Amino acid sequence: VVEWMTSSEQDTLGFRVLRSATGSREDAAPAGAGVIAATGGSNAAAYTYADSGLQSDVTYTYWLQELDTSGAVASEYALGGGRVLALRMYLPKLAR
């Protein structure tokens with residue numbers, strides 16, 4: 001499970017979670033089907049993304065992209081990674 005929090009989301013369309021099994025940003029690909037819609041507006045919001053299609057005993061590294069209202073990447077955050085045990089992963093929350 002990937003979780004993050006925002007303090008506000010001015011001009012934010014949504015978020016994209018990227019995943020890599022090698023730990024390299026160059027190998028990272030979108031995890032899941034697409035953009036997670038922003039819900040906070042000028043308020044804080046919390047998000048949870050349950051990744052699927054993971055292999056056990058693999059260490060995955062995640063990045064979070066914030067997309068502006070035009071769909072362009074406004075910011076990118078390295079979320080770190082974790083080893084999948086019994087297909088369950090927990091990462092720390094990211095506050096912006």
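Side chains alternate along strand β1 (residues 2-6). Val-2, Trp-4 and Thr-6 point to one face and are buried, while Glu-3 and Met-5 point to the other and are not. Buried means under 20% relative accessible area, exposed over 50%, and partly exposed in between (1.4 Å probe, protein chains only). Strands (E, at least two residues) and helices (H or I, at least four) are DSSP runs, numbered from the N terminus. The model is predicted: local features need pLDDT of at least 70, side-chain atom pairs count only at pLDDT 80 or more, and totals for chains, interfaces and linings use all residues. Residues are numbered from 1 along each chain as its sequence is written, and side-chain values use heavy atoms, with hydrogens and water left out.

Strand β1 runs antiparallel to β5 (residues 45-49), and five bridges join the two. Two strands pair if DSSP finds at least two bridges between them. Val-2 stands opposite Tyr-49 of β5. The chain as a whole has seven strands and zero helices. Its pattern along the sequence is β-β-β-β-β-β-β.

The chain has 96 residues, of which 33% count as buried. Contact means heavy atoms within 4.5 Å. Among contacts with a separation of 6 or more, 62% are between residues 24 or more positions apart. The chain exposes about 5,300 Å², and carbon and sulfur atoms supply 49% of this area. Accessible areas come from the Shrake-Rupley method with a 1.4 Å probe; for residues, only the protein chains shown count as cover.

The largest nonpolar core holds 14 residues. Val-2, Trp-4, Val-17, Tyr-49, Tyr-62 and Leu-64 touch the most other members. Strands β1, β2 (12-20), β5 and β6 each supply at least two residues of this core. A nonpolar core is a set of buried Ala, Val, Leu, Ile, Met, Phe, Trp, Tyr and Cys residues joined through side-chain atoms within 4.5 Å. In soluble globular proteins, nonpolar side chains tend to be buried together.

A polar residue is also buried: Gln-65, with a relative accessible area of 7%. Gln-65 lies in strand β6 (residues 59-68). Its side chain makes a polar contact of 2.9 Å with that of Glu-76. A polar contact is a pair of N or O atoms within 3.5 Å; within protein, one must be able to donate a hydrogen and the other to accept it, and residues adjacent in sequence count only if both atoms are side-chain atoms. Leaving aside neighbours within four places in sequence, the contacts of Gln-65 include Gly-14, Phe-15, Arg-25 and Val-73.

Two loop residues have a positive phi without being glycine. Asp-11, with a phi of about 60°, sits in the loop between β1 and β2. Its relative accessibility is 57%, so Asp-11 counts as exposed. Asp-57, with a phi of about 65°, is found in the loop between β5 and β6. Asp-57 is exposed too, at 52% relative accessibility. Most residues other than glycine have a negative phi.

Ala-72 belongs to the loop between β6 and β7 (73-83). At 33% relative accessibility, Ala-72 is partly exposed. Not counting residues up to four places away in sequence, Ala-72 touches Glu-66 and Leu-67. Its C-alpha atom is separated by 9.1 Å from that of Leu-13, 59 residues apart along the chain.

Confidence is given by pLDDT, the predictor's score for each residue from 0 to 100. The chain averages 83, and 83% of the residues score at least 70. Over residues 85-91 the pLDDT is below 50. This stretch has 18 contacts in the model beyond near neighbours in sequence.
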